[in-house]
Amino acid sequence: MTANSLPRTPVTLLGLGAMGTALARTWLAAGHPLTVWNRTAARARALAADGATAAATPAEAVAASTLVIVCLLDDASVEAALETTDLTGKDVVNLTTTTPAQARARAAWAEARGARYLDGGIMAVPPMIGVPEAGGYVFYSGSEDLFTTHAPTLSVPAGTRYVGTDPGHAALHDVALLSAMYGMFAGAAHAFALIRKEDIDPAALAPLLTEWLTAMAAPHIAQTADQLATGDYTTNVVSNLAMQTAGTPTFLATAADQGVSPELLTPYFALMRRRLAEGDPAEDLTGVVDLLLR
């Protein structure tokens, strides 16, 4: 028997939105017996035509497999779907987007019902699922034994990155990365707004913006992490806090001249000024992180 002919782990999947459907199709394509349930039954019937088994209820779906994947709207939807199911001996992997606190509470809830629990944060959009070269992956945290047992199955739709036994850490990594993404999007939006009324093609600015952000982000992120770890915010500083803060009026004046609201920049600039007033002018921007802690 070859590796490709070995039996595939049966999977139960609850939730067939855009992401759930993408996950389902990758497991089906890889030969995994798949049982699906969705509140809107038509979506389950569509997958049944491709070889999945459509369950009428969550309890029926959960009973079909040891490995139970949940990909629903929110934490309340997870509880509503699973509350009448028998989770004894089940391996529950929750890919629903939640907060770290919700993930920890859901882990305790599942374990009290006899299940092992793993939480996941999907760092991909549906078109990236099942496409290794797209670079999507999923953060996992919680039961290490569960992750080790099912890693080959979990790695079918996207890469896997286990980030520890604390069930909340996958969600925390997910939100941390997405928060940074939205901050970057905010800066890009401001940059495009500045040229919006000028005879400058946004398509011409785009590669310049991409090149600049790529060049700046990697060293800045690495240095911030190192400085937070050591507690020394003045090591290897190229542009210190005093100099960078002194330059902010130019950005605000340019925005005013261009008829652009500075609202995406002013909160960060305010934190820079506050840190300068309270800290060492020779340090980097890292001290802003401490100002955000309550």
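Mentor: Lys and Arg count as positive and Asp and Glu as negative, while His and the chain ends are not counted. The place of a charge is NZ of Lys, CZ of Arg, CG of Asp or CD of Glu.

Trainee: What makes up the two sets of charged side chains, and how far apart do their centres lie?

Mentor: The protein chain has 17 positive and 28 negative side chains, with the two centres 8 Å apart. This is a predicted model, where local features need pLDDT of at least 70, side-chain atom pairs count only at pLDDT 80 or more, and totals for chains, interfaces and linings use all residues. Residues are numbered from 1 along each chain as its sequence is written, and side-chain values use heavy atoms, leaving out hydrogens and water.

Trainee: How many helices and strands are there?

Mentor: Eleven helices and eight strands, as DSSP runs numbered from the N terminus (helices H or I, at least four residues; strands E, at least two).

Trainee: What share of the residues is called buried?

Mentor: Buried means under 20% relative accessible area (1.4 Å probe, protein chains only), and 39% of the 294 residues are buried.

Trainee: Why is the largest pocket called a pocket?

Mentor: Because a pocket is an open set of points on a 1 Å grid over the protein atoms alone, with protein on both sides within 12 Å along at least five of seven lines. The space in this one is about 2400 Å³, a volume filled by probe spheres set on the points. Of its 50 lining residues, the closest to the centre are Leu213, Met216, His220, Tyr268 and Leu285; lining means having an atom within 4 Å of a point.

Trainee: Which helix gives the largest share of that lining?

Mentor: α7, with 15 residues.

Methods:
Buried < 20%, exposed > 50% of the residue type's maximum accessible area, 1.4 Å probe, protein only. 1 Å grid on protein atoms, 1.4 Å probe; cavity = no way out; pocket = protein on both sides within 12 Å on 5 of 7 lines; lining within 4 Å.
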